[in-house]
Amino acid sequence: MPCGSNQYFDKKNNQSGDLTNPKNSQADNDKWFYSEEVKEHFFSPKNLLSPEDEKHYQASGYGIVGSPACGDLMKVWIKVDPIEDKITEFKWRTFGCASAISSTSILSVMVTKNGGMELDEAMKITPQDIVDKLGGLPNHKIHCSVLGDQALRAAVNDYYKKTNQESRIKEEAAKVVCSCLNITDKEIEKAVLEGKTTYEEVQRITKCGTDCGNCKPQITNLIDMYIKKYYGDEN
Ligand code: FES
């Protein structure tokens, strides 16, 4: 199921549906996997920035991740109190799906409540923190929750650049894990976030390990690590 849709998943009946379809009754909605919190933030997203307001918005930092071609573009604007080193405003806009909208909406509330979160704390927020606040997301939609989180990091890094605080910038460099095919750990991570949880599944979409095969043990470990990171120990 692509990120750029409003499809949702009926866990009990193993069916998908459309979160925006008004024909879905409350009785139907009760059995959908999405929590009340997800639905609340999807139907009433907080801190959205309209294209009109964007023209005049004075952001301290701006971050953009994803690709419009995949329908999962995410933009985040933040305002920072330089004395307190806190995020006082978090605005965003996306073309993503219900999970991306709900995740970013709740993230915007998390970082601005009680006068704003300190930048160092905001940089430590994980996709799992967001999913917990939402009361859960289907495993195959976890990658949508990463968009807001990544765009926030990009916006904070942008703020550091603009304020000559380069030493505080945190950017994770990609590492090549399959040298024959030049495949990085980021591509393995992305595959796991898209719901591929076995070596064979990851190999099918990334082609890792299809030459000498020496990278298989390292890639298998990476897959296990990302599964624990994004889906918890019980998987
Ligand atoms: S290192 Fe991955 S196939 Fe050779």
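Helix H8 is followed by Gly 195, whose phi is positive, near 100°. That residue is a convenient place to enter this model, which is predicted. H8 itself covers residues 185–193. Its buried residues are Glu 187, Ile 188, Glu 189, Ala 191, Val 192 and Leu 193. What do the buried residues of H8 pack against? Their partners are helices H7, H9 (199–206) and H10 (216–231), together with strands S7 (176–178) and S8 (183–184).

Step back to the whole chain. The protein has 235 residues, and 38% of them are buried. Its secondary structure comes to 10 helices and 8 strands. Take the contacts between residues at least 6 apart in sequence: 60% of these join residues at least 24 apart.

Now turn to the sheet. Four strands form it, in the order S3-S4-S5-S6. The sheet is open, and the pairing is antiparallel. Which strands lie at the edges? They are S3 (61–65) and S6, each of which pairs on one side only.

Walk across the sheet from S3. S3 and S4 pair over 5 bridges, in the antiparallel sense. Here Ile 64 stands opposite Lys 75 in S4. Next come S4 (residues 74–81) and S5 (residues 86–94), antiparallel and joined by 8 bridges. Lys 75 appears again in this pairing, opposite Arg 93 in S5. S4 and S5 form a hairpin, with 4 residues between them. In its turn, Asp 85 has a positive phi of about 60°. The last step goes from S5 to S6 (residues 117–118), an antiparallel pair joined by 2 bridges. Ile 87 has Met 117 in S6 as its bridge partner. One general point helps when reading side chains here. In a regular strand, side chains alternate between the two faces of the sheet.

Two helices pack on this sheet. S3 and S4, paired over 5 bridges, are part of the surface to look at. H4 touches S4, S5 and S6, and its direction makes about 165° with that of S5. H7 touches S3, S4 and S5, and its direction makes about 140° with that of S3.

H4 and H7 also meet each other. Two packed helices are described by the angle between their axes and the distance between the axes. H4 spans residues 98–112 and H7 residues 142–162. Their axes come within 7 Å and cross at roughly 40°. How are H4 and H7 therefore oriented to each other? The two helices are oblique. H4 passes H7 in a right-handed crossing. On the H4 side, the contact uses Ser 99, Ala 100, Ser 103, Thr 104 and Leu 107. On the H7 side are Cys 144, Ser 145, Leu 147, Gly 148, Asp 149 and Leu 152. The residues of this contact divide into 5 nonpolar, 5 polar and 1 charged.

The loop after H7 leads back to the starting region. Ala 173 is found in the loop between H7 and S7. Is Ala 173 buried or exposed? It is exposed, because 7 other C-beta atoms lie within 10 Å, and a residue counts as exposed at 12 or fewer. Ala 173 and Asp 185 are 12 residues apart in sequence. In space, their C-alpha atoms are 9.5 Å apart. Residue 185 begins H8, the helix followed by Gly 195.

Terms used: Residues are numbered from 1 along each chain as its sequence is written. This is a predicted model: local features need pLDDT of at least 70, side-chain atom pairs count only at pLDDT 80 or more; totals for chains, interfaces and linings use all residues. Two strands pair if DSSP finds at least two bridges between them. Axes are lines fitted to C-alpha atoms, for helices over the stretch in contact, and angles run from 0 to 180 degrees between N-to-C directions. Angles under 35 degrees count as roughly parallel, over 145 as roughly antiparallel, 65 to 115 as roughly perpendicular and the rest as oblique. A crossing is left-handed if the near helix is turned anticlockwise from the far one by less than a right angle, and right-handed if clockwise. Two residues are in contact if their C-beta atoms, placed from the backbone, lie within 7 Å. Ala, Val, Leu, Ile, Met, Phe, Trp, Tyr, Cys and Pro count as nonpolar, Asp, Glu, Lys and Arg as charged, and the others, Gly among them, as polar. A residue is buried if 20 or more other C-beta atoms lie within 10 Å of its own, exposed if 12 or fewer, and partly exposed in between; C-beta atoms are placed from the backbone.
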